Amino acid sequence: MKSSSISNIIEKIKESIVVVKTDKNIGTGFIADTTGIVITNAHVVEDSTDCEIQMFDKKSYDAKVIESNFDMDIAFIKIISNRVFKKANVLKRKDYNVGDEVIAYGNPLGFENTVTKGIISALDREIGGIKYIQTDVPINPGNSGGPLVDKKGRIIGINTLKIADASGIGFAIPIIDIVPLINLTIKKYKLTPDSVYCNVCGHRNSSNSSWCEKCGAKLVENVEKVKNKNKKCPECGEKNPADAKWCKKCGHNLDLE
């Protein structure tokens, strides 16, 4: 893979790769949805419920760990922001072979935005009941949760572990094996105009919920904000902005009961 090609790949992916920071660990992740849902390894976040997400431009956001599957070593994080994020290009079907060149993008030992390259050494390498992509790409603590990327800039795996006493033996979870889980989680937590985001656990609730369906936190204030996005005129039924005093259609005083 030529250096110019690698530079082009980095330009494609850098805005969708993030640093994941908890009180205990630092790792890498990537954005799976424009609403700010991030994928990383479960061992990066461990038992944390809160974390910090740092973007390529150094801007940081508070975030909530919304799902963790320690058997698969996958965790999902929701960035607390209304910003529209650039999501990564995730491979949907197997389109790689042994010998293909790949790169890893991550934060090994805290050195942010580090790029290393190598090849796919083997496929379906089973460890602990999980089948991995084996590569010779140099990875270290801090790379965990970050993407293994092909020459087209598509994420084909999640860099997860290495053999401690060996050189050039690393393993990535094939992204195609968890696409159904990714889609299910995005559907579950993606915010829509009529949904309410719980600031305690990150769960998406229906707009008529007063309490979080997952953790039980009070949502009344958030629900009121959603309900009052439009102020309906009691006289003519016209929907007005939430801060409007007079109906734009009939002129009724909207502050009157």
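Contact here means heavy atoms within 4.5 Å. With that in hand, the tour can start.

**Before selecting anything**

This is a predicted model, in which local features need pLDDT of at least 70 and side-chain atom pairs count only at pLDDT 80 or more, while totals for chains, interfaces and linings use all residues. Residues are numbered from 1 along each chain as its sequence is written, and side-chain values use heavy atoms, with hydrogens and water left out.

**Whole chain**

Show the cartoon. The protein has four helices and 16 strands; these are DSSP runs numbered from the N terminus, with helices being H or I of at least four residues and strands E of at least two. Next, colour by accessibility. Buried residues make up 46% of the 257 residues, where buried means under 20% relative accessible area, exposed over 50%, and partly exposed in between (1.4 Å probe, protein chains only). Among contacts between residues at least 6 apart in sequence, 48% join residues at least 24 apart.

**Stop 1: Asp 33**

Select strand S2, residues 26-33, which holds Asp 33. Asp 33 is buried, with a relative accessible area of 5%. Not counting residues up to four places away in sequence, Asp 33 touches Lys 87, Ile 186 and Lys 190. Show side chains and add Thr 35: a polar contact of 2.6 Å joins the side chain of Thr 35 to that of Asp 33. A polar contact is a pair of N or O atoms within 3.5 Å; within protein, one must be able to donate a hydrogen and the other to accept it, and residues adjacent in sequence count only if both atoms are side-chain atoms.

**Stop 2: the barrel**

Select strands S1 to S6. They form a closed barrel of six strands in the order S1-S2-S3-S6-S5-S4, with antiparallel pairing. The twist averages 40° from one strand to the next, taken between axes that are lines fitted to C-alpha atoms (for helices, over the stretch in contact), with angles running from 0 to 180 degrees between N-to-C directions. Two strands pair if DSSP finds at least two bridges between them. For one such pair, select S1 (residues 17-21) and S4 (residues 50-54), which are antiparallel over three bridges. Here Val 19 stands opposite Gln 54 of S4.

Move to the loop between helix H2 (42-45) and S4, where Glu 46 sits. Glu 46 is not a glycine, yet has a positive phi of about 50°. Its relative accessibility of 32% counts as partly exposed.

**Stop 3: the cores**

Select Phe 30, Ile 39, Ile 156, Ile 158, Ile 175 and Ile 182. Of the 37 residues in the largest nonpolar core, these touch the most other members. A nonpolar core is a set of buried Ala, Val, Leu, Ile, Met, Phe, Trp, Tyr and Cys residues joined through side-chain atoms within 4.5 Å. Strand S7 (residues 101-106) gives the largest share of this core, four residues. Domain 1 (6-88 + 180-187) and domain 2 (100-175) each supply at least three residues to this core; the bounds come from an automatic or database domain assignment.

A second, separate core has 17 residues, including Val 18, Val 45, Ile 53 and Tyr 61.

Centre on Ile 39. Leaving aside neighbours within four places in sequence, the contacts of Ile 39 include Phe 30, Ile 74, Phe 76, Ile 158 and Ile 182.

**Stop 4: S7 and its partners**

Keep S7 in view. Five of its six residues are buried. Add strand S8 (residues 114-127): six bridges join S7 and S8, which run antiparallel. The bridge partner of Ile 103 in S8 is Lys 117. Then add strand S10 (residues 147-149), antiparallel to S7 over two bridges; in S10, Leu 148 stands opposite Ala 104.

The loop between S7 and S8 contains Leu 109. Leu 109 has a positive phi of about 55° although it is not a glycine, and is exposed at 59% relative accessible area. Most residues other than glycine have a negative phi.

**Stop 5: Thr 160**

Finish in strand S11 (residues 155-162), at Thr 160. Buried or exposed? With 4% relative accessibility, Thr 160 counts as buried. The Thr 160 side chain reaches the backbone oxygen of Ile 158 at 2.7 Å. Apart from residues up to four places away in sequence, the residues that Thr 160 touches include Asn 41, His 43, Asp 73, Tyr 132 and Phe 171.
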